[in-house]
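Please open the structure in your viewer and keep the selection tool at hand, since each stop on this tour begins with something to select.

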Amino acid sequence: MKILIIGADGYLGWPTAMRLSSKGHKVYGVDNFSKRKIELENGIKPLFKIETMHNRTKEWNKTNPKKKIEFHYGDLLNHRFIYQLVSKIKPDAIIHYGEQPSAPYSMVGREQAVFTQHNNVIGNLNLIFAIKKYCPSTHLIKLGTMGVYGTPNIDIEEGYLRIKHKNRSDLIQFPVKPHSYYHLSKAHDSLNLSFASRVWGLRVTDLNQGVVYGTETKETILNDKFKTSFHYDHLFGTVINRFCLQAAIGKPLTIYGKGAQVRTFLNIEDTLNCIQLAIKNPAKRGEFKVRNQFTEIFSIEQLAKKIKKASQKINLKINIKHLKNPRHEMAKHYYKPSNKSFLKLGLKPKLLSDEFLISEIKKIEKIKSNIDLDTIDPTVKWDQKGK
Ligand SMILES: NC(=O)c1ccc[n+]([C@@H]2O[C@H](COP(=O)([O-])OP(=O)(O)OC[C@H]3O[C@@H](n4cnc5c(N)ncnc54)[C@H](O)[C@@H]3O)[C@@H](O)[C@H]2O)c1
C-alpha cells in the first residue's frame, strides 16, 4: 500500500514510518518540525539524543534500499502543499498524527490555545478537503485522544451512544467533556471528520488513544539514529516517563492532587499494532469508525505505587510526594471506558510490567547528566490569571 504519515518526525510518527516501511508498504512522511520548534522555544529537549529527520531517513533508506521512506518537509496549514502532495501520491491510507499534542502547552495562555486549535483543526480540515478533491476513497486514520470523553459518570463507549429520550431512541456521537484546549481541538476534529464522512462519503477511522509509554520498538532498537523521543518535562512529558525518571535520580514521584484520577495507557508497540489493524480493517465509504485505543487503566496513585514497587526490586528507595494539582480535573470519579474494538480485531496487549519499568529506570540512570531538573515540575496552571 501507499501510506502517507503526517507528523512523521514525531514520537509516534517515526516508529510508525519504520514499521510500515519494514512491512513492505511504500511510506511517505510529512512534518513541519513544529514540535522541535516548541521544544527550542521552551528550553526543553528529549532525554536521549534524537537524530534529525533527514539523517534518520537517510540512514533507514541506506539499510533498507528496497523499503525507502520518502520524507517531505511541509505544513498541513499550507493547503497548497498538502493538495499537491496528496494529488501526486494518491495514498491508499493516511495516518494523521500531525497535531500539537500537549494539554499543558495549550493551557499556557491565549496564544498557545489559539495556536493549538488553529494548527490542529485547520490542518485537519485542509487534509479532509485534499482527500475529497484528489483521492476520496483514501482511508484516513486520525489520532484522537481518550481525553475528549472526560470522566463521565457512565461507561464510555467507542464513539457512539444509543440513547432513549422521551420514548424515542437514536445512536448519537458520545458526549464529550474535554480536559484542555488541546483535547477540545480533538473533539472539534472528530465532528469535522464525522461530517465529512456523512456528507462526502469519506472513509475515516478516529482513534481515541490513551497515554502511550515506551520508546523501544523492533525498529528503534536497530540503530541509535532510529531512536524516538522520551520526554519527561512538564509540557510534553507523560506520567510514566516522569515517575521512572524521578525514581532513577532518587527524587520523590510527584503526584498532582490526591492521585485518584484515572487514565488509560498503552505500550508504543501496541500503538503500532493498532495502526496496522486499523489499516487492515478500513472504514467503509461514508463511515466514521471510532475505536478506543488503550490496553490498561490506572489511577495516578496506582502507577506511582507500581513504579515504587519495581524500583524497590533494584534497591532504590522511593518516596511519593503530592503537589497541588495544576489541572482542572475531577479528583475522584467513575471511569469505565470500553476498548473492545481492537481486542476483537486480534490485538494482544503488551501490559505494563516490572521488567519494563526496571529497564526504563536503568536506561535513564545511565544518562542522568542529561536531565534538566528545572523542567520537571508543572508551571502551567489551568486557572492562571491574565494570560
Ligand atoms: N503520545 C501520546 O501519548 C498520545 C496519546 C493520545 C493521542 N496522541 C496523538 O497522537 C498524535 C501523535 O502524537 P505524538 O506524541 O507522536 O506527538 P508529536 O508532537 O511527537 O508528533 C506530532 C508531529 O506532528 C508535527 N506537526 C504538528 N503540526 C503539524 C502541521 N501543521 N504540519 C505538519 N506537521 C505537523 C510535529 O512537528 C510533530 O513532529 C498526536 O495527534 C497526538 O495528539 C498521542
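**First stop: a buried threonine**

Select Thr375, which is buried because its relative accessible area is 8%, where buried means under 20% relative accessible area, exposed over 50%, and partly exposed in between (1.4 Å probe, protein chains only). Before going on, note that this is a predicted model, in which local features need pLDDT of at least 70 and side-chain atom pairs count only at pLDDT 80 or more, while totals for chains, interfaces and linings use all residues. Residues are numbered from 1 along each chain as its sequence is written, and side-chain values use heavy atoms, with hydrogens and water left out.

Thr375 belongs to the segment that comes after helix 12 (354-365); helices (H or I, at least four residues) and strands (E, at least two) are DSSP runs, numbered from the N terminus. Now add Asp372 to the selection, and you will find its backbone oxygen 2.9 Å from a polar atom of the Thr375 side chain.

**Second stop: helix 12**

Select Ser359, which lies in helix 12. Is this residue buried, partly exposed or exposed? Ser359 counts as partly exposed, because its relative accessibility is 33%. If you also select Cys244, you can see two residues that are 115 apart in sequence, while their C-alpha atoms are 9.6 Å apart in space.

**Third stop: the ligand**

Select the ligand and the 26 residues that surround it, the closest being Asp31, Lys35, Asn119, Tyr182 and Lys186; a residue belongs here if one of its heavy atoms lies within 4 Å of the ligand. This shell divides into 10 nonpolar, 10 polar and 6 charged residues, with Ala, Val, Leu, Ile, Met, Phe, Trp, Tyr, Cys and Pro counted as nonpolar, Asp, Glu, Lys and Arg as charged, and the others, Gly among them, as polar. Helix 2 (34-41), strand 5 (139-145), helix 7 (181-200) and strand 9 (211-213) each contribute at least two residues to the shell.

Next, select Asp75, where a polar side-chain atom lies 2.9 Å from a nitrogen atom of the ligand. At Gly98, a polar backbone atom is 3.3 Å from a ligand nitrogen, and at Val212 a polar backbone atom is 2.9 Å from a ligand oxygen.

**Last stop: a lining to select**

Finally, select Pro104, His234, Tyr256, Pro326, Arg327, Pro378, Thr379, Val380 and Trp382, which line the second largest cavity; a cavity is a set of points on a 1 Å grid over the protein atoms alone where a 1.4 Å probe fits but cannot get out, and lining residues have an atom within 4 Å of a point. This lining divides into 6 nonpolar, 2 polar and 1 charged residues.

How values were computed. On a 1 Å grid over the protein atoms alone, a cavity is a set of points where a 1.4 Å probe fits but cannot get out, and a pocket is an open set with protein on both sides within 12 Å along at least five of seven lines; lining residues have an atom within 4 Å of a point. A polar contact is a pair of N or O atoms within 3.5 Å; within protein, one must be able to donate a hydrogen and the other to accept it, and residues adjacent in sequence count only if both atoms are side-chain atoms.
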